[in-house]
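Trainee: I should like to examine how the descriptive terms for this model are justified. May we take them one at a time?

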Amino acid sequence: MPKKPFYITTPIYYPSDRLHIGHAYCTTVADAIARYKRLAGFDVLFLTGSDEHGQKIQRKAAENNTTPQAYVDKIVASFKHLWEKLNISNDDFIRTTEPRHHELVQAVFQKIYDQGDIYKAEYEGWYCTPCETFWMERQLNEGKCPDCGRAVEIVKEESYFFRMSKYQERLLDYIEENPEFIQPTSRRNEMINFIKGGLEDLCVSRTTFDWGIPVPFDTKHVVYVWFDALTNYITAAGYLHDREKFAKYWPADIHLVGKEIVRFHSIIWPVILMALGVDLPKMVYGHGWLVVEGDKMSKSKGNVIDPLALIDEFGPDAIRYFLLREITLGLDGNFSRDALINRINADLANDLGNLLHRSLSMIGRFNGGVIEAPGGTDAIDQELIELARITAAQYEKHMEYQDINAALKDVWTLIGRTNKYIDETGPWALAKDPAKKGRLNTVLFNLAEVLRIVAILISPFTPVTAPKIWRQLGLASDFASVTLGEAQAWGRLPAGTVVAKPEPIFPRIEEQPEEQAETKPVDKAAAVAAADAPQAPGLPEITIDEFAKVDLRVAKVLAAEKVKKTDKLLLLTVDLGTEQRTIISGIAKHYEPEQLVGQNVVMVVNLKPAKIRGIESRGMVLAAVGDDRLQLVTADMPAGSKVR
Ligand code: MSP
């Protein structure tokens with residue numbers, strides 16, 4: 001059966017400047033949807049590009065003493081570089097200066113003119129060059145552009161006008177009959193009110209500059225940049241040059257755009273298409289804006305975030321994950337470095353990274369690296385299997401409604417549940433009893449199977465990490481051809497698969513507040529004390545004030561591993577609520593590393609740091625000790641809680 005087509009677009013960005021994290025956000029969302037659709041078996045056309053004409057670009061080029069073409073060529077190269085670094089899987093990149101587009105714009109303009117929907121008149125009004133938008137006096141906000149608040153200029157010139165007013169009722173009917181057309185609903189209501197206020201004919205040509213596509217029958221005019229730009233979506237779909245392609249992909253399924261340009265896409269664009277006699281797109285989705293620490297990004301405030309620098313520092317998947325998880329599609333969202341680091345540490349390094357690391361190292365240690373066929377299943381296994389099934393089914397529903405946040409949240413609930421499943425089933429104890437081999441095999445198989453499913457489900461969001469998990473699981477099949485259906489069927493993992501050595505997928509980001517970052521002096525005696533839980537019967541009496549000098553707090557164990565070449569020491573990474581620490585603890589004979597992750601232990605926070613086996617240990621965890629037993633003191637309280 002031929003695959004169903006799916007066509008998704010981003011706005012084509014102005015190459016007046018380099019792109020920032022807000023542009024990267026929009027393209028990442030579109031990429032996640034495009035990748036999801038491919039996974040779900042669709043034949044996807046994913047388009048992005050650059051909107052290169054207009055007064056703004058012409059001025060920018062002049063300021064830089066260069067030609068508009070040379071100016072845009074350089075900036076467009078930086079767009080392409082960014083999309084490559086961010087792993088954007090666009091199938092086409094359209095530049096409005098390409099011949100295929102130039103021809104299309106002229107053909108469309110001519111056709112609409114020939115049928116009488118474009119006419120010549122005198123334009124007098126206001127123009128916002130940064131937004132490339134015409135405004136009437138009554139629309140201005142205290143004399144400024146009502147969209148961006150910047151100064152507007154008076155424009156008085158002979159122009160061609162597009163008879164938008166003629167299509168007002170047809171457009172309103174279409175919007176009312178197609179509730180999906182403008183999303184989210186709040187934007188739809190805004191647009192309905194705007195149209196009901198009356199559609200004016202639109203000025204669609206300019207004569208006071210020349211950086212644009214000439215009107216074919218009157219070449220002292222260039223086509224208005226928005227008329228030029230909007231038609232990119234049909235140029236790339238093949239309207240003029242490839243009828244078969246056009247029949248396949250048009251109408252577009254989603255035009256994903258920022259909320260400020262929904263108006264252009266849900267009013268001007270549909271009217272152009274109506275005039276052409278072409279079907280309207282199925283959906284215009286207006287996403288929210290990304291602000292930085294609560295503030296709008298702007299050059300003058302100096303708070304513009306460069307996505308390339310972030311990708312270099314944290315990797316593309318971490319940035320993609322943050323943008324997709326942290327911001328609810330359709331609403332504004334906040335970018336902050338702290339929030340980014342928190343997401344990386346909590347969701348990627350801890351939850352996902354630990355699940356992979358714990359599972360693979362146990363399969364390595366207890367089963368020689370082989371994922372054995374599962375034995376019988378208990379109620380706890382059934383519950384996990386059911387959760388995996390529901391997660392994969394719900395994921396599809398969420399993604400079909402562009403609810404990326406909900407899809408991600410569900411996958412992370414499954415990851416969290418599976419980490420807990422490790423603690424509840426205790427594979428380290430099962431491994432000690434040969435009679436429990438069948439049970440051990442079931443538990444280890446289930447862990448690997450969840451990871452197989454998770455790798456598929458996260459692949460649209462984190463396309464570098466997903467195949468890494470696949471490879472570490474030892475799966476032989478080609479990840480590039482994996483399907484959503486394979487995530488929806490439990491038990492597909494072939495028994496006998498040999499896992500690879502676990503490699504960390506997301507290193508934890510250790511960024512401490514500056515005053516804590518300096519290294520503290522190291523004390524040999526404290527080192528020994530920290531390595532071994534102290535045994536101290538009959539010590540001299542102390543006062544309450546002396547006891548109060550010991551800063552005891554609850555710490556959550558984020559990661560645990562054996563210290564190389566010792567059989568006693570574990571290296572723990574703990575979270576104290578306000579900071580993370582590494583601690584060396586002499587408990588390896590009593591605890592498997594996997595057992596500790598996620599536990600809330602009690603710790604001496606103000607113990608002098610000590611260097612043990614070359615590693616700085618900052619604190620000590622408390623344990624009750626018997627002759628050959630040891631049990632950590634734990635507390636079911638949030639990390640950072642004081643212990644008195
Ligand atoms: N060239 C026009 C679009 C023409 S589409 C036929 C344009 N270009 S732009 O370079 O200004 O890009 C605007 C788009 O970039 C927004 O619609 C939005 O998708 C994205 N964003 C720009 N700043 C943004 C934020 N601060 N936050 C989120 N998205 C942002 O308009």
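Trainee: Why is Gly 149 called partly exposed?

Mentor: This is a predicted model, and the term rests on a computed area. Gly 149 has a relative accessible area of 45%. Buried requires under 20% and exposed over 50%, so a value of 45% places Gly 149 in between, as partly exposed. Gly 149 is located in the loop between S5 and S6.

Trainee: How far is Gly 149 from Lys 409?

Mentor: Their C-alpha atoms are separated by 37 Å, and the two residues are 260 residues apart along the chain.

Trainee: What confidence does the chain carry?

Mentor: The average pLDDT is 92, and 96% of the residues score at least 70. Over residues 513–537, however, the pLDDT is below 50; that stretch has 42 contacts in the model beyond near neighbours in sequence.

Trainee: What makes Asn 405 a buried residue?

Mentor: The relative accessible area of Asn 405 is 7%. The cut-off for buried is under 20%, so Asn 405 is buried. Asn 405 belongs to helix H15, which spans residues 404–425.

Trainee: Which residues is Asn 405 in contact with, leaving aside its neighbours within four places in sequence?

Mentor: They are Leu 324, Arg 325, Ile 327, Thr 328 and Leu 329. Two of these residues also offer a backbone oxygen to the comparison with the polar-contact limit. A polar atom of the Asn 405 side chain lies 3.3 Å from the backbone oxygen of Arg 325, and the side chain reaches the backbone oxygen of Ile 327 at 2.7 Å. The limit for a polar contact is 3.5 Å, and both distances are within it.

Trainee: How do you know that Cys 145 is not bonded to Cys 128?

Mentor: The sulfur of Cys 145 has its closest cysteine sulfur in Cys 128, at 3.7 Å. A disulfide needs the two sulfur atoms within 2.5 Å, so this pair is too far for a bond. Cys 145 is buried, with a relative accessible area of 1%.

Trainee: Why is Cys 26 without a disulfide partner?

Mentor: The closest cysteine sulfur to that of Cys 26 is in Cys 131, 16 Å away, and therefore too far for a bond. Cys 26 is likewise described as buried, because its relative accessible area is 2%, against the cut-off of under 20%. A search of the whole structure finds 0 disulfides.

Trainee: What makes S5 and S8 the edge strands of their sheet?

Mentor: The sheet is open, has 4 strands in the order S5-S4-S6-S8, and shows antiparallel pairing. Strand S5 (133–135) and strand S8 (202–203) each pair on one side only.

Trainee: How do you know that strands S4 and S6 pair?

Mentor: Strand S4 (residues 118–128) and strand S6 (residues 153–162) are joined over 10 bridges in the antiparallel sense. Pairing requires at least two bridges, so the criterion is met. Ala 121, for example, stands opposite Ser 159 in S6.

Trainee: What supports the pairing of S10 with S11?

Mentor: Strand S10 (residues 214–215) and S11 pair in the antiparallel sense over 2 bridges, and the threshold is at least two. Pro 214 has Val 222 in S11 as its bridge partner. S10 and S11 form a hairpin, with 2 residues between them.

Trainee: Where do domain 1 and domain 2 lie along the chain?

Mentor: The domain assignment gives domain 1 as 337–498 and domain 2 as 524–643. Their C-alpha centres lie 30 Å apart, and 9 residues of domain 1 are in contact with 9 residues of domain 2.

Terms used. Residues numbered from 1 in each chain as written. Predicted model: local features only at pLDDT ≥ 70, side-chain atom pairs only at ≥ 80, totals over all residues. Heavy atoms only, no water. pLDDT = per-residue confidence, 0-100. Contact = heavy atoms within 4.5 Å. Buried < 20%, exposed > 50% of the residue type's maximum accessible area, 1.4 Å probe, protein only. Polar contact = N/O pair within 3.5 Å; in protein donor to acceptor, adjacent residues only side chain to side chain. Domains from an automatic or database assignment.
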